[in-house]
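Let's take a friendly walk through a protein model, one feature at a time. Keep the 3D view open and look for each residue as it comes up.

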Amino acid sequence: MSKTYVILNDIQYPFQDDLCMSLVKLFIKDIKPDGVRLNGDIVDCYPISSFTKNPMQRTDLITERRLAQDLMGYISKYSQDNLWLEGNHEKRLWRMVADRLPQLGVFEELSFPRLFKLDDFGFKWSPYGDIVRLGHLRVTHGEIVRKDSGATARAYWNRYRTSVLIGHTQRFGSFYITCLGEQYVCFENACLCSLTPEYTPNPDWQQGFSVVHVAADRTFNVQQIPIFKRNGRAFCMYGPERYETR
């Protein structure tokens, strides 16, 4: 019997796209997947980033935590096997503690999973750079970004020589290859954040998520689900089914 997983990444709370997130929640509620993988950069950690900040942007880590906890609480109602993989944005918390507060010895108390209370929502945690498996597919947030769709997926094939799904690029892409008679495929998963960030105009990003089906023999199938918008609504297709915000 196969299992179904939903892969979400690059929401970047508080810079999420609310229409996209409403659609994702509707989708999860309907299909009730076996598991959800939050594949990094779910929050932005904007207040503790090292980049120059917009003085008009009013946000704090407490707000980001509340938004993330609302999402985890919602997911946990419809899915049991849930995991948050650390992305480079979540890693900003560790860097802040390591750079500014090392003498206090509070790494454990200020660790991301404890501060965001993942245990309260039944979420496991996987540190940045870890690779988790869904059957024969590996999933990780990633750190490589190439210019064109599919180019980053190819770079991960060159690195790992196996099938991989990554986030980080904030666009969809795929790279298929047959090597010594075996077929492999690497995927780039799209984002769920705003497409109008303050730091770059007109980015080549797409919004969406992926669904992974894993069979008992560990074979898998990945469906990339792009999100489209029209007349103030967001919609996507999953097989013959259309999901749309109201």
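## Before we start

A residue counts as buried when its relative accessible area is under 20%, as exposed when it is over 50%, and as partly exposed in between. With a relative accessibility of 23%, Asp 81 therefore falls in the partly exposed class. Please remember that this is a predicted model.

## Salt bridges

How many salt bridges does the structure hold? The count is nine. One of them joins Asp 81 to Arg 37, with 3.1 Å from N to O. Asp 81 belongs to strand 3 (residues 81-85) and Arg 37 to strand 2 (residues 35-39), so this salt bridge ties together parts that lie 44 residues apart in sequence. Unlike the partly exposed Asp 81, Arg 37 is buried, at 7% relative accessible area. These two residues also have company: Arg 37, Asp 81 and Lys 124 are linked in a network of salt bridges.

Next, find Lys 229 and Asp 17, whose closest N and O atoms are 2.2 Å apart in another salt bridge. This pair links distant parts of the chain, as Lys 229 sits in strand 12 (residues 228-230), while Asp 17 sits in the loop between strand 1 (3-8) and helix 1 (18-31), 212 residues apart. Is each partner buried or partly exposed? Lys 229 is partly exposed, with a relative accessible area of 39%, whereas Asp 17 is buried, with 11%. A further salt bridge connects Glu 244 with Arg 242, and there the closest N and O atoms are 3.1 Å apart. Both ends of that bridge are partly exposed: Glu 244 has a relative accessible area of 27%, and Arg 242 has 43%.

## A three-stranded sheet

Strands of a sheet pair through backbone hydrogen bonds, and the pairing can be parallel or antiparallel. Strand 12, the home of Lys 229, is part of an open sheet of three strands with the order 12-13-14 and antiparallel pairing. Which strands are at the edges? They are strand 12 and strand 14 (241-244), each of which pairs on one side only. On average, neighbouring strands of this sheet are turned by 30° against each other, direction ignored.

Strand 12 meets strand 13 (residues 233-238) in antiparallel pairing over three bridges. To see this pairing in the model, look for Phe 228, which stands opposite Phe 235 in strand 13.

## Pairing around strand 9

Strand 9 (residues 182-188) lets you view both kinds of pairing. With strand 7 (residues 164-166) it pairs in the parallel sense over three bridges, and Leu 165 stands opposite Phe 187 in strand 9. With strand 8 (residues 173-179), strand 9 pairs in the antiparallel sense over seven bridges. Here Ile 177 stands opposite Tyr 184 in strand 9.

Strand 8 and strand 9 form a hairpin with two residues between them. In the turn, Leu 180 has a positive phi of about 55°.

## The second largest pocket

Now turn to a pocket. The second largest pocket has a volume of about 180 Å³ and is lined by 13 residues. Among these, Glu 86, Trp 94, Ser 111, Phe 112 and Pro 113 lie nearest its centre.

Helix 3 (91-100) and helix 4 (112-115) are the elements that give two or more residues to this lining. The largest share, four residues, comes from helix 3. What classes of residue make up the lining? There are nine nonpolar, one polar and three charged residues.

## Backbone details to look for

Some loops have backbone features to check in the 3D view. The peptide bond from Tyr 13 to Pro 14 is cis, with omega near 10°, and Pro 14 lies in the loop between strand 1 and helix 1.

Two residues have a positive phi although neither is a glycine: Lys 32, at about 45°, and Asp 41, at about 55°. Lys 32 is found in the loop between helix 1 and strand 2. Asp 41 is in the loop between strand 2 and helix 2 (61-78), and it counts as buried at 2% relative accessibility.

Key. Residues are numbered from 1 along each chain as its sequence is written. This is a predicted model: local features need pLDDT of at least 70, side-chain atom pairs count only at pLDDT 80 or more; totals for chains, interfaces and linings use all residues. Side-chain values use heavy atoms; hydrogens and water are left out. A salt bridge is a side-chain nitrogen of Lys or Arg within 4 Å of a carboxyl oxygen of Asp or Glu. Buried means under 20% relative accessible area, exposed over 50%, partly exposed in between (1.4 Å probe, protein chains only). Two strands pair if DSSP finds at least two bridges between them. Axes are lines fitted to C-alpha atoms, for helices over the stretch in contact, and angles run from 0 to 180 degrees between N-to-C directions. On a 1 Å grid over the protein atoms alone, a cavity is a set of points where a 1.4 Å probe fits but cannot get out, and a pocket is an open set with protein on both sides within 12 Å along at least five of seven lines; lining residues have an atom within 4 Å of a point. Grid points are joined across faces, edges and corners, and a volume is the space filled by probe spheres set on the points. Ala, Val, Leu, Ile, Met, Phe, Trp, Tyr, Cys and Pro count as nonpolar, Asp, Glu, Lys and Arg as charged, and the others, Gly among them, as polar.
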